[in-house]
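Q: I am new to this structure and would like to learn how to read it. Could we go through a few features together?

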Amino acid sequence: LEFALMDTRKLDRLPTDSFELILDKACLDSLFCTFESYRQVLQANSEICRVLKPNGKFISISLGSPAMRMSHYAHISLDWKVEHTLVPNKSGIHVYACTKKMESSHHNR
């Protein structure tokens with residue numbers, strides 16, 4: 001296991017299709033509080049999607065409801081399928097599971 005400190009919006013030190021699983025606990029929630037949050041979150045999601053292996057999973061735990069978050073996770077430019085669920089017995093805690101498609105347009109970048 002190796003830890004590295006990087007900006008989630010710019011993971012340029014990591015090769016495409018590197019990870020089978022990426023976990024987020026409120027990192028994206030914090031980006032939603034920034035100036036130009038839509039662009040910031042899209043940049044982060046694009047980089048996360050790029051470094052995921054085909055069929056890899058991105059799990060994001062968030063306080064944001066689907067009404068506020070789904071359009072960001074399901075952006076047309078992202079090559080993944082998004083599913084949502086609530087954490088049982090924890091009101092208002094959402095889990096977004098994004099599975100990268102097997103054939104990704106990111107392979108051409």
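A: Happily, and let us begin with a definition. A polar contact is a pair of N or O atoms within 3.5 Å. Please keep in mind that this is a predicted model.

Q: Which side chain does Glu36 join in a polar contact?

A: The side chains of Glu36 and Arg39 are joined by a polar contact of 2.5 Å. As for its place, Glu36 sits in the loop between α1 (27-31) and α2 (37-51).

Q: Is Glu36 buried, partly exposed or exposed?

A: The general idea is a scale: buried means under 20% relative accessible area and exposed means over 50%, with partly exposed in between. Glu36 has a relative accessible area of 39%, so Glu36 is partly exposed.

Q: How should I read separation along the chain against separation in space?

A: Two numbers go side by side here. Glu36 and Trp80 are 44 residues apart along the chain, and their C-alpha atoms are separated by 23 Å. Pro15 and Leu52 are 37 residues apart along the chain, with 9.4 Å between their C-alpha atoms.

Q: Where is Pro15, and what is it in contact with?

A: Pro15 belongs to the segment before β1. Once neighbours within four places in sequence are left aside, Pro15 is in contact with Arg50 and Val51. Its relative accessible area is 52%, so Pro15 counts as exposed.

Q: What about residues at the other end of that scale?

A: Asn45 and Ser60 are good cases to look at. Asn45 is in helix α2, and its relative accessibility is 0%, so Asn45 counts as buried. Leaving aside neighbours within four places in sequence, Asn45 is in contact with Leu28, Phe58, His72, Tyr73, Leu78 and Trp80.

Q: And in which element do I find Ser60?

A: Ser60 is in strand β2. Ser60 is also buried, because its relative accessibility is 0%. A polar contact of 2.6 Å joins its side chain to that of Asp24. Not counting residues up to four places away in sequence, Ser60 touches Asp24, Leu28, Tyr73, His94, Val95 and Tyr96.

Q: Which residues touch the most other members of the largest nonpolar core?

A: A nonpolar core is a set of buried nonpolar residues joined through their side-chain atoms. The largest one here has 19 residues, and those touching the most other members are Ile22, Leu28, Phe58, Tyr73, Trp80, Val82 and Cys98. The elements giving two or more residues to this core are α1, α2, β2 (52-62), β3 (80-86) and β4 (94-100). Among these elements, α2 gives the most, with five residues.

Q: What is Cys98 in contact with?

A: With neighbours within four places in sequence left aside, the contacts of Cys98 are Leu52, Gly56, Lys57, Phe58, Tyr73, Trp80, Lys81 and Val82.

Q: Finally, how do I read the largest pocket?

A: Ask about its volume, its lining and the classes of residue in that lining. The largest pocket has a volume of about 700 Å³. Its lining is made of 20 residues, and Ala4, Leu14, Phe19, Ile22 and Leu23 lie nearest its centre. β1 (19-25), α1 and α2 are the elements that give two or more residues to the lining.

Q: Which element gives the most to that lining, and how is the lining divided by class?

A: β1 gives the most, with six residues. By class, the lining of the largest pocket has 15 nonpolar, one polar and four charged residues.

Technical notes: Residues numbered from 1 in each chain as written. Predicted model: local features only at pLDDT ≥ 70, side-chain atom pairs only at ≥ 80, totals over all residues. Heavy atoms only, no water. Helix = DSSP H or I, 4+ residues; strand = E, 2+ residues; numbered from the N terminus. Buried < 20%, exposed > 50% of the residue type's maximum accessible area, 1.4 Å probe, protein only. Polar contact = N/O pair within 3.5 Å; in protein donor to acceptor, adjacent residues only side chain to side chain. 1 Å grid on protein atoms, 1.4 Å probe; cavity = no way out; pocket = protein on both sides within 12 Å on 5 of 7 lines; lining within 4 Å. Points joined across faces, edges and corners; volume = space filled by probe spheres on them. Nonpolar A, V, L, I, M, F, W, Y, C, P; charged D, E, K, R; others polar. Core = buried A, V, L, I, M, F, W, Y, C linked by side-chain atoms within 4.5 Å. Contact = heavy atoms within 4.5 Å.
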